[in-house]
Amino acid sequence: MRMLSFQGGDQMPSLGLGTWKSKPGEVGAAVKEALRIGYRHLDCAVIYGNEKEIGAALSECFAGGLVQRDELWVTSKLWNDKHDPSDVRGALETTLADLQLEYLDLYLMHWPVALRPDGPRPMAAASFFAPEEMPIAATWEAMAACAQDGLAKHLGVSNFSVKKLSELHAAATHKPEANQVEMHPYLAQPQLVQWCKEHDVHLTAYSPLGSPDRPAGMMGKDEQPILEDKVVLDVAGELGASPAQVLLAWAMQRGTSVIPKSVNAERLAQNLAAAELELSTAQMSQLNELDARRRYITGEFWCVEGGPWTVERLWDE
Ligand code: A2P
């Protein structure tokens with residue numbers, strides 16, 4: 001397993017377990033099975049609605065001696081309706097209480113989008129703070145204060161473009177160490193990879209398998225499932241591996257970490273084994289050629305009539 005080094009020498013395993021869409025009633029068993037077979041990196045978020053069950057599973061694994069806290073990397077994320085600097089610490093404390101942890105290894109700002117806590121749902125223009133009303137840098141400073149106090153060892157962001165990340169990086173004293181974004185061969189984002197490499201920011205690839213189980217409302221028309229791509233299938237055939245393993249190995253071999261979600265024991269094991277798979281230079285090139293700037297998670301759910309966000313403004317594309 002490749003390890004990514006953070007400031008102070010902390011090591012994040014390059015393959016972690018994703019928990020978005022893992023339902024209450026399933027996620028606890030998945031976490032326990034994952035830890036049992038050797039996963040040591042968990043990706044969580046308060047908005048996934050399952051941190052309490054994950055916390056109970058972790059607590060059982062610690063008590064049973066399966067793993068110790070300092071052998072595990074746990075990430076979680078600040079939700080968009082807690083961007084007010086006075087709300088950040090409480091949000092992080094809730095996550096820690098739910099996960100039954102004293103600290104997180106990594107705390108991320110989930111989106112560069114700030115929602116009014118008491119704004120209308122479903123989303124309407126009045127649900128949002130305009131970016132200048134609730135600046136990212138102010139939310140970030142509150143996160144930095146939490147890190148200073150030991151609630152999180154490392155800080156980062158998620159769904160940030162090069163533009164937003166570089167602005168935050170330039171403004172912040174406590175530099176972001178990670179950015180978690182959708183990433184797979186259809187959305188390889190070479191400029192973001194390059195920028196992050198030059199500025200010591202780690203990238204984590206979410207939805208590495210194309211997130212086929214996301215809600216119907218987030219599915220596009222005539223989507224092409226990346227797990228069924230011909231090049232991916234051909235490389236898998238050459239290696240005697242599964243298409244999912246090829247996608248995960250591609251992500252790790254480019255130096256990113258990757259967080260496939262599964263609640264199935266066989267697929268959990270299969271995904272972990274991808275950490276040992278080696279793709280040839282030719283296979284990496286073939287996969288790199290699939291880049292089509294194609295997002296499965298388009299962010300259109302933040303783009304409402306009269307609101308501050310458009311897809312172009314969100315991704316700066
Ligand atoms: P399941 O949880 O039943 O294993 P992503 O990580 O891109 O969000 O994708 C998660 C989806 O991919 C889930 O539907 C998950 O189903 C499925 N999945 C996870 N691992 C594999 C695998 N090795 N092969 C095929 N599908 C997988």
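This text walks through a predicted model, from its aromatic side chains to its ligand site and then to some backbone details.

A search of the whole structure turns up seven aromatic pairs. One of them is formed by W111 and W302, whose rings are edge-to-face, with 5.7 Å from centre to centre and 75° between the planes. This pair connects distant parts of the chain, since its two members are 191 residues apart. W111 belongs to the loop between β6 (104-109) and α4 (136-148), while W302 belongs to the loop between α10 (281-288) and α11 (311-315). W111 has a relative accessibility of 5%, and because the limit for a buried residue is under 20%, W111 counts as buried. W302 is also at 5% relative accessibility and therefore counts as buried.

W302 has a further aromatic partner in F301. These two rings are likewise edge-to-face, at 5.1 Å centre to centre and with 75° between the planes. F301 has a relative accessibility of 30%, so F301 is classed as partly exposed. The two pairs are part of a wider group: W79, W111, F128, F301, W302 and W315 make up one aromatic cluster.

W315, a member of that cluster, also has a charge over its ring. The charged end of R295 is placed there, 3.8 Å from the ring centre. A second arginine, R69, lies over the face of Y103, and here the distance to the ring centre is 4.0 Å.

The ligand is the next stop. It has 17 residues around it, and those that come nearest are K261, S262, R267, Q270 and N271. Polar atoms of the protein approach ligand oxygens at several points. The side chain of K21 places an N or O atom 2.9 Å from an oxygen atom of the ligand. At V263 the backbone provides the polar atom, again 2.9 Å from a ligand oxygen. In D213 a polar side-chain atom is 3.3 Å from an oxygen atom of the ligand. On its own the ligand has 580 Å² of accessible area, and the protein covers 85% of that.

K21, which has the side-chain approach to the ligand, is also touched by R214. R214 is found in the loop between β9 (202-206) and α7 (230-239). With a relative accessible area of 3%, R214 falls under the 20% limit and is therefore buried. What does the side chain of R214 reach at 2.9 Å? It reaches the backbone oxygen of S211. The side chain of R214 is also joined to that of E223 by a polar contact of 2.3 Å. Leaving aside residues up to four places away in sequence, R214 touches W20, K21, M219, G220, E223, Y296 and I297.

Two of the residues that come nearest to the ligand, Q270 and N271, are also among the buried residues of helix α9, which spans residues 265-273. The buried residues of this helix are L268, Q270, N271 and L272. An α-helix has 3.6 residues a turn, so residues three or four places apart point the same way. In α9, L268 and L272 are both buried. The buried residues of α9 pack against β3 (17-18), α1 (27-37) and α8 (243-253). At the start of α9, N264 has a side-chain oxygen that comes to within 3.0 Å of the backbone nitrogen of E266.

The last part concerns the backbone itself. The peptide bond leading from R121 to P122 is cis, its omega being near 0°. P122 is located in the loop between β6 and α4, the loop that also holds W111.

Two residues that are not glycine have a positive phi. For N159 the angle is about 65°, and this residue is located in the loop between β7 (152-158) and α5 (162-171). N159 has a relative accessibility of 2%, so N159 is counted as buried. For D316 phi is near 55°, and D316 is in the segment after α11. Is D316 buried or partly exposed? D316 is at 31% relative accessibility and therefore counts as partly exposed.

Key:
Residues are numbered from 1 along each chain as its sequence is written. This is a predicted model: local features need pLDDT of at least 70, side-chain atom pairs count only at pLDDT 80 or more; totals for chains, interfaces and linings use all residues. Side-chain values use heavy atoms; hydrogens and water are left out. Rings of Phe, Tyr and Trp (its six-membered ring) pair if their centres lie within 6.5 Å; planes under 30 degrees apart count as stacked, over 60 as edge-to-face and the rest as tilted. Helices (H or I, at least four residues) and strands (E, at least two) are DSSP runs, numbered from the N terminus. Buried means under 20% relative accessible area, exposed over 50%, partly exposed in between (1.4 Å probe, protein chains only). A charge sits over a ring if NZ of Lys or CZ of Arg is within 6 Å of the ring centre and within 35 degrees of the ring normal. A residue is near a molecule or strand if one of its heavy atoms lies within 4 Å of it. A polar contact is a pair of N or O atoms within 3.5 Å; within protein, one must be able to donate a hydrogen and the other to accept it, and residues adjacent in sequence count only if both atoms are side-chain atoms. Accessible areas come from the Shrake-Rupley method with a 1.4 Å probe; for residues, only the protein chains shown count as cover. Contact means heavy atoms within 4.5 Å.
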